[in-house]
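I opened this notebook page to record what I looked up, one topic at a time.

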Amino acid sequence: MIATDLDHTLTWTAGVLQPRTLAALARARDAAVPVIVVTGRMVQSLRRVLDPAGLHDPVICYQGAVVADPRTGTWLRHVPIAFPLAREAIEALHAEGFGMNCYVDDELYVAEITPEARQYADFQHIELHAVGDLLEWLRVPPTKLVVIGEPIVLDGLEERMKSRFHGRLYISKSLPYFLEFASPDVTKAAGLDFLAQHVGFSRERTVAFGDGENDIELVAWAGYGVGVANAHERVKEVADFVCPSVDEEGVAQVIESYLDSTA
């Protein structure tokens, strides 16, 4: 089993996976080695990735809050933020002067369409829904919340929010400029553990690739964890191996070496 993060782990050009990476993923698929995409992204935003790569195994999205079958669109697992806690988080972020993305039913909602929100939506090729006051609008538990900002500003916000919520929320950066909030029961590792039990594979026979702060648990969970050379230092600390960087298509190199060794 291969489990891999997407952004800054697999190699992209203009939003498309590079040919060598696509070829390595295809070889793994043809060798009957399942490849699981594990990401903070929405389910709908993965379609452009999965189709060219020919990946049809379940996907783990929203930092592990959702496990979905891309063939049917069925959600096998959904762990949203409890409604009262989501409202408390929104109030706290508003008090700090931050707007945010709010995800409900695999759609993206914002109070207003700002340049940052538009940039995020365009990056993920998804539609934005402006609803005005989020607290007034929200009626169901959201899957996650995301604040977009400058990395150094988000570093301070992350520290303050972790202190305030004391483990009641999962709070982590997915990319330097995205600070994500989810249920405390959510990590990429929790999503992969659920899928392991649902599908029937073991962590001992799983290789996981990651780069970001939100990949630490994923890389640590797998029997063999791999951090790319450009990974967050804490990812590399828990990894069993550090492969070449995303620019060198390190994940593809590892997959190729594994498949060559078993040929």
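Is threonine 39 buried or exposed? I looked this up in what is a predicted model, and threonine 39 comes out as buried, with a relative accessible area of 1%. Buried here requires a value under 20%, so the 1% of threonine 39 falls within that class. I then placed threonine 39 in the chain and found it in the loop between β4 (35-37) and α2 (47-53). Leaving aside residues up to four places away in sequence, I noted that threonine 39 touches Asp5, Leu6, Leu46, Ile60, Cys61, Tyr62, Gln63, Gly64 and Lys188.

**Cavity**

I next asked how many cavities of 30 Å³ or more the structure holds, and the count is 1. The volume of the largest cavity is about 130 Å³. Its lining is made up of 19 residues, and threonine 39 appears again here, since Asp7, Thr39, Gly40, Ser174 and Leu175 are the ones that lie nearest the centre. Sorting the lining by class, I recorded 8 charged, 7 polar and 4 nonpolar residues. At least two lining residues come from each of α4 (115-124), β12 and β13, and α4 gives the most, with 3 residues.

**Strand β13**

As β13 had come up in the lining of the cavity, I followed this strand further. It spans residues 178-182 and is mostly covered, with 5 of its 5 residues buried. Which residues point which way from β13? Phe178, Glu180 and Ala182 point one way and Leu179 and Phe181 the other, and all of them are buried. In a regular strand, side chains alternate between the two faces of the sheet.

I then looked up the partners of β13. Strand β12 (residues 170-175) runs antiparallel to β13 and is joined to it by 5 bridges, with leucine 175 standing opposite phenylalanine 178. The connection from β12 to β13 is a hairpin through 2 residues. Strand β11 (residues 144-148) also pairs with β13 in the antiparallel sense, over 4 bridges, and there leucine 145 stands opposite phenylalanine 181.

**Salt bridges**

Side chains of opposite charge can pair when their charged atoms come close. With a nitrogen-to-oxygen cut-off of 4 Å, I counted 14 salt bridges, and I went through a few of them.

Arginine 168 forms a salt bridge with glutamate 88, and their closest N and O atoms are 2.9 Å apart. Because arginine 168 lies in the loop between α6 (151-165) and β12, and glutamate 88 in helix α3 (residues 83-95), the pair ties together parts that are 80 residues apart in sequence. Both partners are partly exposed, arginine 168 with a relative accessible area of 34% and glutamate 88 with one of 24%.

Glutamate 158 forms a salt bridge with lysine 162, where the closest N and O atoms are 3.0 Å apart. These two residues are 4 residues apart in helix α6, so about one helical turn separates them. Glutamate 158 is buried at 7% relative accessible area, whereas lysine 162 is partly exposed at 38%.

Aspartate 30 forms a salt bridge with arginine 29, with 3.4 Å between the closest N and O atoms. Here I noted aspartate 30 as exposed, at 60% relative accessibility, and arginine 29 as partly exposed, at 37%.

Finally, I found that Asp5, Lys188 and Asp215 are linked in a network of salt bridges; Asp5 and Lys188 are among the residues that threonine 39 touches.

Definitions and conventions: Residues are numbered from 1 along each chain as its sequence is written. This is a predicted model: local features need pLDDT of at least 70, side-chain atom pairs count only at pLDDT 80 or more; totals for chains, interfaces and linings use all residues. Side-chain values use heavy atoms; hydrogens and water are left out. Buried means under 20% relative accessible area, exposed over 50%, partly exposed in between (1.4 Å probe, protein chains only). Contact means heavy atoms within 4.5 Å. Two strands pair if DSSP finds at least two bridges between them. A salt bridge is a side-chain nitrogen of Lys or Arg within 4 Å of a carboxyl oxygen of Asp or Glu. On a 1 Å grid over the protein atoms alone, a cavity is a set of points where a 1.4 Å probe fits but cannot get out, and a pocket is an open set with protein on both sides within 12 Å along at least five of seven lines; lining residues have an atom within 4 Å of a point. Grid points are joined across faces, edges and corners, and a volume is the space filled by probe spheres set on the points. Ala, Val, Leu, Ile, Met, Phe, Trp, Tyr, Cys and Pro count as nonpolar, Asp, Glu, Lys and Arg as charged, and the others, Gly among them, as polar.
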